[in-house]
Structure formats: C-alpha cells, structure tokens
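Reader: I am new to protein structures and would like to learn how to read the places where parts touch. Could you guide me through one?
Author: Gladly; let us look at it together.

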Amino acid sequence: MKPAPFDYARAESLDEAVRLLSGADGDARPLAGGQSLGPMLNLRIARPALLVDLSPIAELREVSEDEDGVTIGASVVHSAVEDGEVPDVTGGLMRRAASGIAYRAVRNRGTVAGSLAHADPAGDWAPVTMALGASLGVTGPEGRRTVAADAFITDPLTTVLEPGEIVEAIRVPRLSGTARWGHYKLCVKPGDFAESLAVVVRDPDRDRCRVALAGPTHAPILLDGVAGLVAEASGWSDALADEIKDAAGGGIAAAGFADADDRYAMNVHATVTVRAAREALSR
Amino acid sequence: MTSTTISVNGRTVTADVEPRLSLADFLREHEGLTGTHTACEHGVCGACTIMLDDRPARSCITLAVAAHGAEVRTVEGYDGDETMATIRESFKKAHAVQCGYCTPGMLATAYDIVTRLPDADRDRIRLELAGNLCRCTGYIGIVDAIEMTLAEIRGGS
Amino acid sequence: MSDRGVGASIARKEDDRFLMGTGEFTPDVQLPGMWHAAFNRAQIAHGRLVSVKAPSGAEGQVFTSADMADIKPIRSTASFPGFKGADFPVLARDKVRYAGEQVAIAVAPTRAEAEDIADSIEVEYEELPAVVDMNDGREPSAALVHDHWADNVCCETQFENGDLEPARAAAVHTIHRRFRMARQTPFPMEGRGTLAHYDSRLDELVVWMSHQLPHPMQRGIAHFLGLEINNVRVICPDVGGGFGLKTHLDGETMAVCWTSLKLGRPIKWIQDRLEHLTCDADCRNHQYTMTAYTDEIGKILGMEVECVVDAGAYSPWPWPIGVEAATGVGNLQGPYTVDALKGRSVTVCTNKPPSQPFRGVARPGACFTDELTMDAIARTVGREPWDVRLDNLVPPAAMPYDTVTRKHLDSGDYPEAFRRCVAAIDPESVRERQKTPEPDGRLIGVGFACFYEQTAYGTGPFGYSAWGIELVPGMEMATVKLTPDGGLWASVGIQCHGQGLETTLAQVAASELGIDPERIAIRHGDTATAYAGTGTYASRSIVVAGGAVAQGCRELKPRLARIGAHLLQCDEADVAVENAEVRGPGGSVTFDEIAEAFYHHPENLPDDTDRGGLTVATGYNDKVHGGVFGFGAHGAVVAVDPDTGQVEILDYAIVDDCGTRVNPLVVKGQVIGGYAQGIGNALYEESDYDENGQPLSVTLADYHVPAAPMVPDIKYDYMESPSPYTTMGIKGVGESGAIGPVGAIGNAVNDALKGLGVEIAETPITPRRVFDAIERGRAR
Ligand SMILES: Cc1cc2nc3c(=O)[nH]c(=O)nc-3n(C[C@H](O)[C@H](O)[C@H](O)COP(=O)(O)OP(=O)(O)OC[C@H]3O[C@@H](n4cnc5c(N)ncnc54)[C@H](O)[C@@H]3O)c2cc1C
Ligand code: FES
Ligand code: FES
C-alpha cells in the first residue's frame with residue numbers, strides 16, 4: 001500500500017510553514033513525525049496535495065522551563081519526554097504517559113503536538129494535557145492564539161485548528177509538590193491505542209482537580225463529577241470506588257461518550273476511571 | 001521529484017525521489033538493501049525497523065525525503081559491531097529465528113534494548129519487543145537471546 | 001554417527017543469512033524491466049458486475065477477466081457426498097462474491113503507480129444481499145452465493161462408527177454444548193507474493209512465489225494457463241511463514257502469470273497487509289454441536305456431533321471445501337477411548353473470502369470442542385477435570401490404538417505425559433488459592449487440554465485419497481548426491497519456511513553417513529532442482545523428506561562401499577561406511593577421496609561401479625498411510641478481571657511427544673511458535689464482518705496478533721515415543737503447539753467463571769465476551 005502522489009516542501013521557518021500551508025488550495029498538511037500521517041497516507045485515507053515538513057524548523061524543537069511550567073516545542077518527540085529530556089514538571093505523569101504510547105521506534109519519531117493535532121480520540125496526550133490544564137500555542141495566517149487543551153479536540157480526528165494553523169508549542173503548568181496523579185490505560189496489547197484511558201490530577205495546593213477520559217469512539221472528555229469526588233476525598237475506600245464508578249457512568253452517559261446500551265463499554269470506562277482515581281488517591 | 005541526501009550505512013547517497021516513496025522502499029529498491037522488510041506499512045509490526053540517527057524507527061512510515069540529512073543504519077550495516085555480533089550469536093543459540101522475515105527488525109529493536117536498557121529483565125524485554133511482531137517463534141527464544149546478550153555484556157565489562 | 005546428527009541441538013544452518021539480512025524473499029527479487037501489479041478489488045461483498053472501465057491513459061496496463069478468456073478458472077474437485085463445485089475465477093467474472101475479490105489487475109513501473117491506476121478503475125455493481133453468517137446461509141431464504149446451486153450448502157459428510165444406542169441407554173449424564181470458533185487469518189509475517197517472468201532461452205515461465213507447495217503450483221499454473229509442465233518453473237525462495245495459508249493457488253498469481261506472458265515483461269505482485277486482512281483466505285470458522293454420553297464418573301461412552309464450517313465464497317485449489325469439516329469431525333474424540341461416535345458435517349458457502357486450513361487444520365476446533373466438553377463433564381460429575389481425563393485417555397498398554405474415527409495412534413504414553421503436565425501446573429495449589437478472594441478481585445482458573453497431532457498423512461483410507469481431491473500425498477522423493485569434494489547435496493520437494501529443515505534434513509543425512517551438517521546442502525522450494533514432491537504442510541516434511549533423504553543415504557552406502565573397498569584393496573564385505581569414510585580392516589578412505597576417484601579419476605574405479613554413480617533419486621512412503629501421531633498436554637492458569645473482562649495467563653505448561661527429536665532446539669521452537677498462535681486463537685484474533693459482509697479487521701489496529709508481552713514463558717517438557725512406522729521413529733511436530741492452547745485457556749477461563757455458573761464457548765475469548773458471560777452469571 002503506497003500513498004497517492006503529493007508534493008513535499010521543507011519549511012525552514014514558522015513563517016514559511018504558515019505560508020506554504022496557506023497555499024495548495026487548502027489541501028496542504030503539516031508533516032511532523034509522520035507516525036499517524038504515514039499510515040493514513042499509505043492507506044490512502046489521507047490524500048493531501050502538499051506536505052509541509054516542519055522538522056527543519058529549529059524553534060519548534062525548543063523546550064523551555066520556568067517557575068510555572070514547561071513549554072514543549074511542537075517537534076519534541078514522545079521519547080524525549082519518556083527519557084526525561086523534557087523537564088518533568090508533573091511529578092512523573094508526562095513520562096509515564098509517554099512511555100505507554102506505541103513502541104520505542106514510534107516514540108522516537110512521533111511528536112506530542114502531532115499527536116494532539118491528529119486528534120485520534122484514543123490518543124494519549126489529549127487526556128493527559130486536559131487533566132493537567134495545559135494549553136496549546138497556535139500560529140496561523142491570522143497570527144497567534146492560545147487554546148486550552150480541553151477545548152482543542154472537538155470530535156474524533158477534528159480540532160479547532162483553522163486551515164494553515166500550526167501548533168507551535170504545548171504549555172504544561174507545573175504541579176505543586178503535594179499534587180498526586182493517576183493514569184490508567186486499558187488496551188489489548190501494550191502500545192496499542194487505548195480502549196479506555198483515564199487521567200486524574202489532584203493538586204490541592206493549586207486548588208485543582210481534573211479527571212479526563214479518552215476512548216475510541218468519542219472525543220476525550222472531562223469528568224467534573226468524578227473530579228469533585230476526588231478533590232473531596234481523604235483516602236481510598238470501596239465506598240468511594242462505588243461512588244466514583246457511578247459518577248463516571250453518569251458523566252459518560254451525559255456526554256454520550258459511549259453507547260449507553262453498550263454495558264461493556266460503559267463498564268470499562270467507569271472501571272478505568274476508578275483505577276486512575278485509586279492511583280491518585282493511594283499515592 | 002525531490003532530492004534527498006541520506007547517509008546509508010556510512011555511505012552518503014543523494015537521490016531524486018518521489019515524495020511518496022517510503023524510506024523502506026528507498027532502501028530496498030534504490031539501494032538494494034533488501035534486508036529491511038515490510039509487513040504492514042503502517043507502523044505496527046516492526047519488520048521495517050531500522051536505525052535512524054542511532055535510534056530505532058519505522059522505515060515504512062518515514063518518507064525518504066523526510067530522512068534528508070539523517071544517518072540510516074540497516075541490518076546490512078553492522079560490520080565490525082561487537083554488540084550486534086553478540087546479539088546475532090545469541091539469536092542463533094536461543095533459536096530466535098524461524099522464517100527470518102521479522103528478524104532484521106527484531107535485531108534493530110534488540111540492539112536498542114541492549115544498548116539503552118542494560119538492566120532490562122524479561123518483562124521489560126517483552127514490553128520493549130511489543131512493537132515487533134513475530135509469527136513463528138512465539139518470542140520466547142528472542143527474549144532468551146536478548147537476556148543472554150545482556151548477561152554476556154554485563155559479564156564482559 | 002555424527003554428534004551433530006539426529007538428536008543434537010545444533011544451531012540452524014539457515015540462521016546466518018537471516019541474521020545478516022541476506023535472505024532472499026520473493027519481494028526481494030528484482031529483475032530488469034520488471035513492473036509491479038496492483039488489484040482493483042470489490043468494494044461490496046456480493047453483487048453483479050455491471051461494468052469495469054479502465055481510466056484513459058492506462059491502455060495496455062489494465063486487464064480484466066474478459067481479457068483473460070484463455071485462462072481456465074480455478075476449480076477444485078472432491079468426492080465428498082453432495083460436493084458442489086464452482087469456478088474460482090482468476091479475476092471476478094459476472095459476480096463478486098466477497099469484499100476484496102480481485103476485479104482487475106493494473107500494472108505499472110512502480111507499485112505506487114499501479115495502485116494509482118487500480119484506484120481509478122471505475123466499477124459498477126448491482127448489489128445483492130450478502131450471506132454473512134454460516135447459519136443464515138443455510139436458511140432457505142438466504143441469497144445464493146453461486147447462482148447455479150440450489151442452496152449454499154456445498155458439502156455434507158456423515159460419519160458413524162461404534163454403536164451409539166447402548167451408549168445412550170447406559171448414559172448417566174448427557175452433556176450438550178455448542179461451540180464456535182471465530183474466523184481468523186494465518187497471518188504469516190510475509191504475505192503472499194508472486195513474480196512471473198518468461199525466460200525465452202528456456203521457453204519457461206519462471207514464477208517466484210511465496211508458497212509452501214512448489215510442485216503442485218507448477219502443475220496448477222501450467223494446467224490453468226494451458227501450458228506444459230516443461231514450460232513452467234516455480235521457485236519458492238525464502239518464505240516468511242506460511243502456516244497453511246500458502247498452500248492454495250490464488251487468482252492473483254494466475255493473473256500475474258498471464259499478464260507477464262501477455263506483456264513479455266517480469267511482473268511482480270506483493271500482497272500488502274491490507275489485502276491480506278481484507279480478502280486473503282481465512283480459517284477456523286467452525287461451529288460444533290456436541291452431545292457426550294458418560295457414565296457416572298465421567299467416562300465417555302459415546303459422542304454425537306455436528307460440525308458446520310463457513311467455507312467462504314470459493315473452494316480453493318488444491319484443497320477443496322470440505323477438508324476442514326471432515327478433519328473436524330474426524331478428530332472429535334481426541335486422544336480418548338470413545339467407542340461410539342456419530343458425526344455430521346455441513347459446509348456452507350458465504351460471501352466471505354475462501355477458507356483455508358491453518359496450522360492444525362480443524363484440530364484446534366476439535367480440541368476446543370472435546371476439551372471444553374471434558375471439563376463440562378467433570379463439572380457435571382463433580383470430579384476434577386484432570387482425574388476425568390486420566391480415566392478417558394488411551395492407556396499405553398492399548399497402543400497401537402485405533403480410535404473410533406479410525407485414526408491409528410501408533411505410540412506414546414498419553415497418561416504419563418498428561419500427569420507430567422498436571423504436576424508442572426499443580427492444580428491443587430490453584431484450588432487452594434481459589435479459596436480466598438484475590439486482593440485485586442480477579443478470578444483464578446486452571447485448565448488443561450490433551451490432543452494428538454496427526455502428522456505426515458499419506459494415502460490413508462480416511463483422508464485425502466478417500467476424499468477424491470486433487471492432491472494426495474504419499475511417496476515423497478529426494479535426490480541425494482555425494483559432491484565431487486565429498487560433501488552431500490540433497491534436493492527435496494518440500495519447502496522450508498521457518499521449520500529449520502535445511503538443518504534437520506542435514507542432521508538426518510549426517511546420522512546416516514557421518515558427514516558434518518556444514519558440508520550438507522539441502523535444496524528445496526524449486527521445481528527445477530527437486531524431482532517431485534507435494535510441499536510442506538500437515539506436519540509432514542521431517543518425516544517424509546527425512547525418510548527420503550535417509551533412504552537416499554542408505555542407497556548410496558553400498559555404492560560408496562564398493563568404490564571404497566576397491567581403493568582399499570579389500571573385500572566389499574569387510575568394509576563399514578560411517579563417519580564420512582569407508583573403513584576396511586587395514587585402513588580407511590574418506591568420502592572426499594572416493595568422490596575424487598569417482599568424478600576425476602575414473603581409472604581408479606572398480607569395473608562394477610554402480611552405474612547410478614554417486615547420485616540416488618529415491619523416495620519414502622510410510623509403512624502406514626494414515627500418518628503417525630504425536631501427543632501433547634497443555635495446562636494453563638489464568639486470572640480473569642471481572643471488571644474489564646481481560647484474561648491474563650499466569651502459568652502455562654506443555655508436555656509434548658513427537659517421537660524421535662531430530663533437533664530438540666527446533667522441536668521446542670515449533671511447539672512454542674504454535675503455542676503463541678494458539679494464544680491468538682484463544683484470546684485475540686478475529687476477522688470480523690459487518691452485516692453486509694464488510695470486513696472490520698483490515699489493519700493491525702483491529703486484528704490483534706499476539707506480541708511478546710502476550711506470550712508468557714512456559715514450563716516445557718517432552719517425552720520421546722518413537723514411531724514404530726517411520727525412519728528413526730520420527731513424527732512431525734509442526735502443528736502440535738497450535739492445537740492445545742484454545743482448549744487449555746478456554747478451560748482455565750471457564751474454571752475461573754464456574755462460581756458464576758457460566759461458560760465461554762466461543763473464540764476468541766475477548767474481554768467483551770468474558771464480560772458478557774459474567775453479566776449473564778450475575779443476572780442469574
Ligand atoms: C503503531 C502505532 C501505535 C501508536 N499508538 C499510539 C498510542 O497508543 N497512543 C497515542 O497517543 N498515539 C499512538 N500512536 C500515534 C503516535 O503517537 C503519533 O506519533 C502521533 O499521533 C502523531 O504524531 P506525529 O508527530 O507523528 O504527527 P504526524 O503523523 O506527522 O501528523 C499527524 C497529524 O497532525 C498534523 N500535525 C502534525 N504536527 C502538527 C502541528 N505542529 N500543527 C498542526 N498540525 C500538525 C498533521 O498534519 C497530521 O494531520 C501510534 C502510532 C503508531 C504508528
Ligand atoms: S512494515 Fe513498518 S512497522 Fe510494519
Ligand atoms: S521468524 Fe518468522 S516472523 Fe519471526
């Protein structure tokens with residue numbers, strides 16, 4: 001299986017990338033690691049007229065840390081996070097998440113920004129960044145803007161990016177020393193996309209508690225009801241587990257995240273949420 | 001056609017290629033390096049795994065034009081490499097090869113495990129191998145071979 | 001006897017080229033002027049072809065069945081009762097019968113360009129209702145897959161032996177179950193591939209194929225193209241796995257051959273993974289309805305069974321529809337002393353890709369059925385399943401034993417092998433563990449499976465020859481030659497695609513002649529080098545090709561002795577041929593020296609030198625024709641997560657007996673490789689279709705092949721019960737490992753679920769199926 005023909009250009013700067021992407025009659029696409037685009041091209045599901053390779057752009061490879069968090073350039077790959085080359089401001093959550101994505105050979109090429117932009121509903125970075133309250137810096141023909149991670153993916157394979165817009169960097173706020181998190185990914189085989197993936201971040205010092213859930217059929221969601229229970233909790237108990245399971249079920253049903261008649265899917269998502277919460281509250 | 005310049009097993013190659021040409025097909029068809037195999041062409045099976053700038057990567061979903069400026073090392077490119085020689089010897093001893101189709105990709109991943117994770121135990125080896133499918137061996141021989149290699153390297157240093 | 005001969009765990013001779021990346025698989029072969037082929041494939045599962053229109057500018061690059069009127073459609077034959085034949089057109093003609101069926105071939109200088117053209121071929125269909133499920137296909141209202149048939153049932157077989165009436169009458173318990181195996185695919189890492197090229201010097205169509213059966217393919221290609229065998233050569237170079245998939249003649253290959261001849265240029269088609277998962281032959285899709293009659297302690301008195309097989313749309317050549325069903329029913333009693341069995345099989349055509357035997361043929365289905373039945377019996381009679389098994393297994397004193405399905409089990413101590421497996425698993429400790437709930441809430445279960453493996457099937461009366469099919473294995477040939485420098489060259493008609501036969505056949509020859517395996521070349525997979533053969537399948541090659549190579553060596557010996565004795569100036573009766581030399585009372589002469597004399601100094605030869613020289617073409621035929629039987633016992637301990645339905649294998653033990661082990665390392669490798677595939681069968685692999693017959697598992701994101709973390713280490717043990725019937729007592733072992741897991745894991749899961757009063761009866765045992773079963777249990 002070989003891709004349909006396309007043109008290819010290497011962008012040397014962000015401006016050039018934006019310019020190139022605004023051409024090709026709207027049929028141009030950025031190329032990052034190619035780890036999602038590659039399969040789509042080979043299956044001829046994606047048939048762009050032009051690919052604009054972002055990898056030569058030096059500024060997209062930058063990582064900068066400050067008191068409040070870290071800014072991760074769009075070309076930073078999963079394995080750089082996994083290996084701790086990106087300063088971990090999340091007490092290990094980012095590293096754990098990175099190491100569970102696909103396989104090393106894929107992580108060496110695939111980028112955090114590319115993953116978010118691809119918006120696979122079961123992708124790992126969306127729920128992680130949503131639970132962390134991260135945001136995305138976006139550049140386009142109309143200039144720069146910032147989008148909250150929880151507002152970025154609207155539907156499976158769909159984001160708020162306008163034609164010609166590029167994700168420049170991801171801004172991840174620093175967790176306080178007392179923050180705790182939980183991360184549970186259920187998949188058939190390690191490295192697969194998740195059947196269900198929940199991330200719980202509880203940071204009382206910053207007065208923040210967020211629970212995000214991702215799965216194969218619906219854009220990732222925040223489960224505010226569960227977050228409320230986790231924020232209030234003072235330890236783990238079976239009763240709390242039941243409460244969380246119910247709250248998760250309610251949130252999942254309300255969002256239409258899974259088919260309410262599909263008892264298996266409903267149960268799996270709720271169970272995964274409980275397990276992520278348990279990790280956060282048992283640490 | 002787009003020009004791409006790639007160092008292939010230490011030799012610099014410049015070629016004009018169709019942008020849609022994968023690095024795997026470039027290596028196989030333009031460079032005659034048919035040791036790199038493809039078995040899914042969407043990044044899952046690992047058969048096409050090669051070293052790109054000293055890190056394992058999928059050559060089926062890397063475009064030849066996107067590998068411009070990179071150093072590629074294929075299964076044919078390990079002459080004189082002692083680590084790979086040890087891995088190969090262990091693969092033979094542990095019967096880690098049957099049909100041989102997955103083997104070049106397995107070797108690339110094994111090389112990465114052995115060099116990056118010197119303390120890997122069997123569970124970790126299995127986890128790291130999750131992205132390389134083998135339909136013949138049932139993996140146990142491959143895990144044995146990598147474990148043997150690690151032990152040998154530990155014993156030797 | 002060489003210490004690197006039979007019984008030695010030597011490293012494989014073929015490993016070096018694979019480890020260096022210098023193996024040569026079909027996709028690796030490049031020829032000057034070669035073009036690539038891609039296929040336009042049916043988008044619907046069932047419909048009439050109204051029109052096929054090539055894009056403009058692609059003249060001479062697109063061909064359809066209308067162009068190939070001179071190719072005969074592929075058609076298989078069988079004498080099964082009620083067998084209905086149907087043409088398997090090389091490219092769809094009039095109708096498409098499964099999604100992905102090849103409609104047109106497009107060729108171009110690169111694969112990508114060929115795909116561009118194939119993509120832009122416009123095909124108009126008149127869609128018809130699709131027959132998707134085998135049970136629906138039996139309904140009178142079902143659409144007809146083949147219009148000229150009265151219904152979709154394409155073959156029915158009956159089998160009855162022993163008297164079931166007394167069994168029924170005496171039965172204290174009657175256990176009734178229905179089991180189902182999902183469709184799956186053999187999934188060799190290298191897919192199919194064909195490169196055809198006309199060699200004008202030899203007037204020969206040379207076909208490189210990723211295939212297991214070179215000679216049958218030569219015959220089929222010649223026949224369907226209307227050529228003489230002399231004008232077709234088939235080369236199966238290195239082959240990246242087969243597992244039974246690569247045993248039939250595919251339409252794509254025929255279309256590639258035809259197009260290559262038509263255009264006078266080499267044409268290569270490499271099946272990609274999407275094609276493999278969408279429309280290559282599938283397997284295993286069986287449904288068994290079992291009734292077992294037992295006494296009060298669970299001894300089986302008789303069985304009644306119906307097996308329904310989903311054959312897909314066409315009967316492949318040379319294995320026709322019906323082989324699966326007949327094999328399924330023909331093994332249902334397993335390795336047990338059952339006296340009466342009545343079986344019926346029904347094979348149904350559906351709008352899905354053809355089905356094809358996969359490692360184990362129907363035996364994994366039979367094993368799933370009889371082993372899960374065995375545990376159901378144990379639960380019914382209130383005994384432990386290992387105790388009930390021991391009461392039913394064929395005892396060693398009964399060997400050789402003729403089963404109710406007329407399998408002649410030749411040797412082995414089945415109960416002892418099983419006891420060792422039980423000891424390795426220690427089920428009593430699992431029973432202890434089950435008494436207290438697990439801290440993580442998971443449910444623990446233990447299960448076993450016993451099976452025999454029928455290997456090296458010959459012309460036996462209850463198989464191939466009785467089925468009236470095109471390919472009946474029997475005599476297997478080898479050519480063995482002492483080379484001019486004293487090495488050995490042997491060519492065989494089998495094909496090695498991972499089994500290590502280049503090494504193990506060399507070990508057999510090494511044992512006969514004492515030549516080091518390093519100096520023995522085994523040539524296979526090429527109709528130009530091997531005299532005859534039917535290829536590699538059904539765990540036969542080491543037995544039959546091994547037997548033929550050994551026979552060749554044995555026939556060479558007196559010839560070597562005569563020349564050796566002459567060179568030693570002693571009596572022929574006083575010499576021994578061993579250790580690569582001929583030894584006489586006063587000294588010895590090496591094979592190198594004998595070869596030197598024969599090839600280069602005939603003046604030194606005796607006058608009565610055998611005119612056959614130092615080459616022997618000979619063959620092997622089993623003393624029995626129904627195969628020889630290996631045995632295996634598998635045991636598993638699993639943990640079932642009731643909240644997610646996930647099953648984890650905590651412990652696994654295998655005790656296997658394949659008679660004399662030619663190379664223990666290779667034997668173990670075969671067993672483990674099969675075990676991994678069995679795990680896929682049991683837990684993960686399913687080729688799913690929607691209600692319109694659209695395939696749902698067309699990439700590896702949806703078709704789950706076990707990866708390393710899903711295949712845990714095993715406790716492995718073996719027994720060695722040589723076959724009384726074969727050369728050196730060798731039995732085959734290729735399929736064994738793949739048969740047991742579905743039974744052992746299935747039983748372990750059911751043991752975990754038994755507190756809920758539910759059973760799983762369908763593969764794969766996915767989290768969803770487990771969860772649904774648990775829900776049913778909780779609702780009770
Ligand atoms: C076998 C396999 C398993 C995988 N398993 C997982 C998994 O378990 N979890 C998971 O999360 N992911 C998984 N992935 C996907 C992986 O994480 C990819 O790396 C990621 O989805 C895409 O990143 P990329 O850099 O390769 O982007 P590309 O493939 O290059 O691009 C992806 C999409 O994003 C667009 N894009 C890329 N960069 C930008 C940008 N800066 N601005 C705007 N648009 C952009 C592209 O145009 C394209 O549409 C898997 C991939 C493979 C091959
Ligand atoms: S061929 Fe590249 S991962 Fe399968
Ligand atoms: S050895 Fe055949 S796929 Fe690994």
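Reader: How much area is buried between domain 1 of chain C and domain 2 of chain C?
Author: A general idea helps here: the size of an interface is often given as the accessible area lost when the parts come together. In this model, which is predicted, domain 1 and domain 2 of chain C bury about 1300 Å² between them, and carbon and sulfur atoms give 50% of that area.

Reader: Where are these domains in the chain?
Author: Domain 1 of chain C takes in 2–21 + 475–620, domain 2 covers 31–128 + 187–279, and domain 3 covers 283–460 + 624–779. The C-alpha centres of domains 1 and 2 of chain C are 38 Å apart. Their contact draws 17 residues from domain 1 of chain C and 19 residues from domain 2 of chain C.

Reader: Which three residues supply the most area on the domain 1 side of chain C?
Author: They are Q495(C), H497(C) and T527(C), which supply 44% of what domain 1 of chain C buries against domain 2 of chain C.

Reader: How many salt bridges are there between domain 1 of chain C and domain 2 of chain C?
Author: There are two salt bridges. You can also find a salt bridge between the side chains of D526(C) and R233(C), at 2.7 Å from N to O. For polar contacts, the count between domains 1 and 2 of chain C is eight residue pairs. The side of domain 1 that touches domain 2 in chain C has six nonpolar, nine polar and two charged residues.

Reader: Let us step back to the whole chain. How many helices and strands are in chain C?
Author: Chain C has 19 helices and 28 strands. Its radius of gyration is 27 Å, close to the 28 Å that the globule rule gives for 780 residues, so chain C is as compact as a globular protein of that length. Along the principal axes, the C-alpha atoms of chain C fill a box of roughly 90 × 70 × 50 Å.

Reader: Now for the neighbours. What area is buried between chain C and chain B?
Author: About 3900 Å² is buried there, and carbon and sulfur atoms give 60% of it. In chain C, the residues that lose the most area to chain B are L19(C), M189(C) and A708(C), together 19% of what that side buries. Six salt bridges are found across the interface of chain C and chain B. E685(C) and R135(B) form a salt bridge, with their closest N and O atoms 2.7 Å apart.

Reader: Which element gives the largest share of the side of chain C that touches chain B?
Author: Among the elements that give two or more residues to that side of chain C are α1 (15–20) and α2 (111–119). The largest share, nine residues, comes from α16(C).

Reader: And how many residues does the contact between chain C and chain A take from each chain?
Author: This contact takes 23 residues from chain C and 21 residues from chain A. The two chains bury about 1900 Å² between them, with 55% of it on carbon and sulfur atoms. D643(C) is one of the three residues of chain C that lose the most area to chain A. The side chain of D643(C) also meets that of R275(A) in a salt bridge, at 3.7 Å from N to O. The count of salt bridges between chain C and chain A is nine.

How values were computed:
Residues numbered from 1 in each chain as written. Chains lettered and ligands numbered in written order. Predicted model: local features only at pLDDT ≥ 70, side-chain atom pairs only at ≥ 80, totals over all residues. Heavy atoms only, no water. Domains from an automatic or database assignment. Contact = heavy atoms within 4.5 Å. Buried area = accessible area lost by both parts, 1.4 Å probe. Salt bridge = Lys/Arg side-chain N within 4 Å of Asp/Glu carboxyl O. Polar contact = N/O pair within 3.5 Å; in protein donor to acceptor, adjacent residues only side chain to side chain. Nonpolar A, V, L, I, M, F, W, Y, C, P; charged D, E, K, R; others polar. Helix = DSSP H or I, 4+ residues; strand = E, 2+ residues; numbered from the N terminus. Rg over C-alpha atoms; globule rule 2.2 N^0.38 Å.
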